[in-house]
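Here are some short exercises to work through with the model open in your viewer. Try each task before reading its solution.

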Amino acid sequence: MLNAKQNSTNVPNKSMSGNARYNYGHYINIGFSDFEFVQSKKREIELEQKYGLSAVLLHWQRSASVVKAVNYLLESNLFKEIIIWNNNPNINLGKTIFEKNNHSLDSIRIINSKENLKDEAKYRACAQAKTIACFYSDDDWDTSFPLKSLIADFRTDPYVLHSVTDPYTFYTNLMWTYFDNEINLHTGFSWIGCGSIFLREYAQRHLQYLQIYLKDHRNLIYLSDVFFSIWLNDIPSQFNMNIRHLPASSTDASFSSILKFLQYQHESSILAIRILEDNLRQNQSNDTNHIGFSRRKNRHFSYCVKSSNPKDEFIFYTNILPIDTERIPFNISKDFEQGTRHNLPTESKLSFFLSHTTLKAVDDDLKTCRRSGRNVRHGEFFAIDFLYIQTNLSFSLTIGHTWELQKNVDMNLSFDGLWWITYRALKGITIKSQNSTSNEQLHVIVFNSTQFNAGFHSFRFIAFNAKLIYRQQQAIDPSKRHKWYVLVGCDTYINVPHLLKQLEPYNFTQPYFIGGSVGEQMCYHKNGTAYKSLFVGGNTAHVFSAALVEALCPHLSVYVESIWPQPNHTSAALSDVALSCLIFSLGFKMTILPGFFRRSPNGIIKEFGRKEALKVQEPSSWHYIHPAQMIDLDEFYAYHPINDIKHQLSSFNVQFIDKSLSGHCHLTKTCAKDLKILNSKNGMNPSLEDQKRFYEVYKNDFEMNHVNAFICFHPASMCEVFMPFNRTLIVIASTRYELGRFSKEEWRNWNKNLQIIASNSRNVIAGNNLYDAEYIRYFTGVKAIVLPSLCAYTNASYKQVIGKPFIIASIHEKNFHSKFMSMLTDSFKHLKIAVAVAHLRDVYKSHYKYSQLAEHPGIIYVPYQVSVMSLFEQYRMNIPLFFPSLDLLTEWHHTYGVVNERTWDSVSGKKKNASIVSGVLDPNIPDPNNEFDLHAIRYWLKFSDFYQWPHIIYFNSTDELVIKLTTTNLTQVSLNMKVYNANLKQYLFEQWRQILQRIE
């Protein structure tokens, strides 16, 4: 049983003496940092703002119930608007029935329908909502008590349906689930009338589905609810609660009581799964009018049994299910009635669940409790969600299992329910025993986070479970476990492709402890005596093989708790030393590799010199990296447009003065050695004062007075510094042009300056690609030209070598990488087609030559950006390129965020639905930085290089990709690309000739 309250002052103070293993208060445990707390709170606020809700109610004849329901919704102050759809054409419903309410009625919108659309009306109402998500309830249910919990649960996992039901129906719905991994079928049923939340786009899509798939079953459209949850192809997230009716003012029969309702429900249940199963099995067609069903699971969290407490303060949940749903056999030919009333739970199986569900843990009744009914398995847990991040929280947990068992359960805290930190100390935790009314021995554990160790005072989620990551890994098939574990600090930059290359020669099934630097420190024996030992420095990253983790895990807790010095000791915080000492004491050795640098690029050059630093062509990590430099490093490895321009203009006898402020200029030998005023710290965004000082210092400079033009690339906004010199300015945005001008005021000023620059005919405003050209036009009205990279320096052309595989370019969205490979593997399997494909970094362990890449039959992309230099290079080499169609990429990005470097907000991990400055074009043109609107995403993705260049090969599914890999005339495609590239070269030559003629 659970009880919770904030800032409690009446907390029992009984210590845990007698439990010596836990009787200490200074456990070495690093909690959440202030930065993590602030960022998590910001994220919480962003989710609340992003997922505003519209409440939807249906009206038939129970006007009094609707009034009562609206009162609840208005009083909750949780909704942006309340939409009331009146299904009764004989009643013209108006706001007058709500006039006795003390709240403003401005948020109420009434839609009087000309016909009774029954269930379909719910989705029509939601489709018209002003918010991106809807709360729905029938007019006869009281949904006031679980509202806060339901909304909080939705915002943590917004891409699944969230609903409320009673325990019996919850159990029944578990039985009405369908799984078939061969066709990516993983769906379940839920009624939505007792309170539910779902995305507006799901309602809009559902209306399309109804018109397409039920055109021959019009009578069943009225039972839209039966189809809705099944067609989402994702198990709904359901609360099991003691739901209750509103007092009705009318006894009129409901829709569910009509004569043929049960017959229609039965037919609908069967038809819903038949249509979904058939579409997934047929793998969808290429018909542009065909709307296919989702094949992916969208949920962030595992499926759980959950209940909120009567006061709607927290959610108690567990992933221990009464039915192992994924093991329920399903075959459409014989199990088509699985989701009907022909398949209802038997009393013997149901009774235990009803008596011991999660609802019994939060009902304030000591005579009832939640029980699993079996032994707990690896990875299983029970947890509490306190709805939002709270500080100085106090709550108690009454347990009926033994205290010995509880002591062997980890307590984990989290801000978001995804990333957890284990709290192993007992500061702030007290226990007392008491007898229940049934004379069972109970233990009341009181948690007072005001007394927790530093870093643990604030949290939202608390879970009690086995060691999550390691135990979960041990519970799955060995072939699917993680191979390597990397431990780094927040100021360490990891180049993952480089790291994977370095790890390739090493077998993860053998114990490897890998790092980049070695030091000497003190280790400790069990008796407390110390001895000197080498250790692997954590500043370069620690890499552990799966075999080492498996060997290490059983000893880790004991070593840290019993052998390693406790706080106030000089060695207490040296975690890298502690790990090294433990690993060496177990008989394992260290492996030191080059490329794991313990300093930044500049720091390494200062320490070892440029020649020594450049010996490592592809470093795996850098240390002491500022967050802004993280982006800088990514950009360095992805973009080199200035070098391409130098190469293009070499035939015009143009001399360049290149004084680079990049953190990696040493690699191109272009570092600014004698530059005044500007430096690597202020160069990206110099203040107005610095800009004025720069002009004053250089206005009479000899070298500057010989400059005819300034070219600004990365950032394009650097041209603001050069405006006072009255020379030709060539602004070429190779990425989103507001780089370095991220505040609203800076961006607006940059827009004004860009308009001033564009007003002079001798200046040039361009995008390195059409996307960035259109992006500039959207915010400034300036019609930028497109000056793409030529990349003629590759000196290579497509020449396929038989036996070499198709290359899969890097997929930067880590969660989608495995998903894409799974879909591709499934396509090869069921189409019975064998084609050699391989990841780029699996084929080339170190640097590759352009000529080597040109020997592969083609390259497959799931792009992470709208334009990258490597794509320019590959296209100019006439290598056939395979890309998802615009519709498919739009869907993938909307769901998985695959083009995760399209906006600066996405790069920083804070996707938004609007820009901080407004566009100046037609308001019907969507915001390019809206990452949540399908139309906006599709509109802007169409300007990407790969949708503008001819002869790209597009696929609408992985099945179509596999087929096109085997049927496309690759030689002809390459020849067509070659012709296009030749014409482009002439076009660019003429473009630059005209630009250079403008220069005075």
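**Exercise 1.** In this predicted model, find which backbone oxygen the side chain of serine 113 reaches, and decide whether serine 113 is buried or exposed.

*Solution.*
1. Start in the loop that runs between strand 4 (108–112) and helix 3 (120–127), where serine 113 is found.
2. From there, the serine 113 side chain reaches the backbone oxygen of glutamate 115, at 2.6 Å.
3. Leaving out residues up to four places away in sequence, serine 113 touches Trp85, Asn86, Asn87, Asn88 and Pro89.
4. The relative accessibility of serine 113 is 10%, so serine 113 counts as buried; the cut-off for buried is under 20%.

**Exercise 2.** Now take serine 743: which backbone nitrogen lies 3.2 Å from a polar atom of its side chain?

*Solution.*
1. Go to the loop between strand 31 (728–733) and helix 21 (744–758), which holds serine 743.
2. The nitrogen belongs to the backbone of glutamate 746, and it lies 3.2 Å from a polar atom of the serine 743 side chain.
3. Check the exposure too: serine 743 has 32% relative accessibility and therefore counts as partly exposed.
4. Finally, look across to valine 917: although 174 residues separate it from serine 743 along the chain, their C-alpha atoms are 9.2 Å apart.

**Exercise 3.** Describe how helix 23 and helix 31 pack: what is the angle, and how far apart are the axes?

*Solution.*
1. Helix 23 (residues 814–831) packs against helix 31 (residues 958–967) at about 60 degrees, and the axes lie 8 Å apart.
2. Because of that angle, helix 23 is oblique to helix 31.
3. The handedness of this crossing is right-handed.
4. Helix 23 contributes Phe820, Met823, Leu824, Ser827, Phe828, His830 and Leu831 to the contact, while helix 31 brings Thr958, Asp959, Leu961, Val962, Ile963 and Leu965.
5. Sorted by class, this contact has nine nonpolar, three polar and one charged residues.
6. For the spacing within such lists, recall that an α-helix has 3.6 residues a turn, so residues three or four places apart point the same way.

**Exercise 4.** Work out why helix 26 is largely enclosed by the rest of the structure, and which residue with a positive phi follows helix 26.

*Solution.*
1. List the buried residues of helix 26: Met869, Leu871, Phe872, Glu873, Gln874, Tyr875 and Arg876.
2. Helix 26 (residues 869–876) is largely enclosed because seven of its eight residues are buried.
3. After helix 26 comes asparagine 878, with a positive phi near 65 degrees.

Notes. Residues are numbered from 1 along each chain as its sequence is written. This is a predicted model: local features need pLDDT of at least 70, side-chain atom pairs count only at pLDDT 80 or more; totals for chains, interfaces and linings use all residues. Side-chain values use heavy atoms; hydrogens and water are left out. Axes are lines fitted to C-alpha atoms, for helices over the stretch in contact, and angles run from 0 to 180 degrees between N-to-C directions. Helices (H or I, at least four residues) and strands (E, at least two) are DSSP runs, numbered from the N terminus. Angles under 35 degrees count as roughly parallel, over 145 as roughly antiparallel, 65 to 115 as roughly perpendicular and the rest as oblique. A crossing is left-handed if the near helix is turned anticlockwise from the far one by less than a right angle, and right-handed if clockwise. Contact means heavy atoms within 4.5 Å. Ala, Val, Leu, Ile, Met, Phe, Trp, Tyr, Cys and Pro count as nonpolar, Asp, Glu, Lys and Arg as charged, and the others, Gly among them, as polar. Buried means under 20% relative accessible area, exposed over 50%, partly exposed in between (1.4 Å probe, protein chains only). A polar contact is a pair of N or O atoms within 3.5 Å; within protein, one must be able to donate a hydrogen and the other to accept it, and residues adjacent in sequence count only if both atoms are side-chain atoms.
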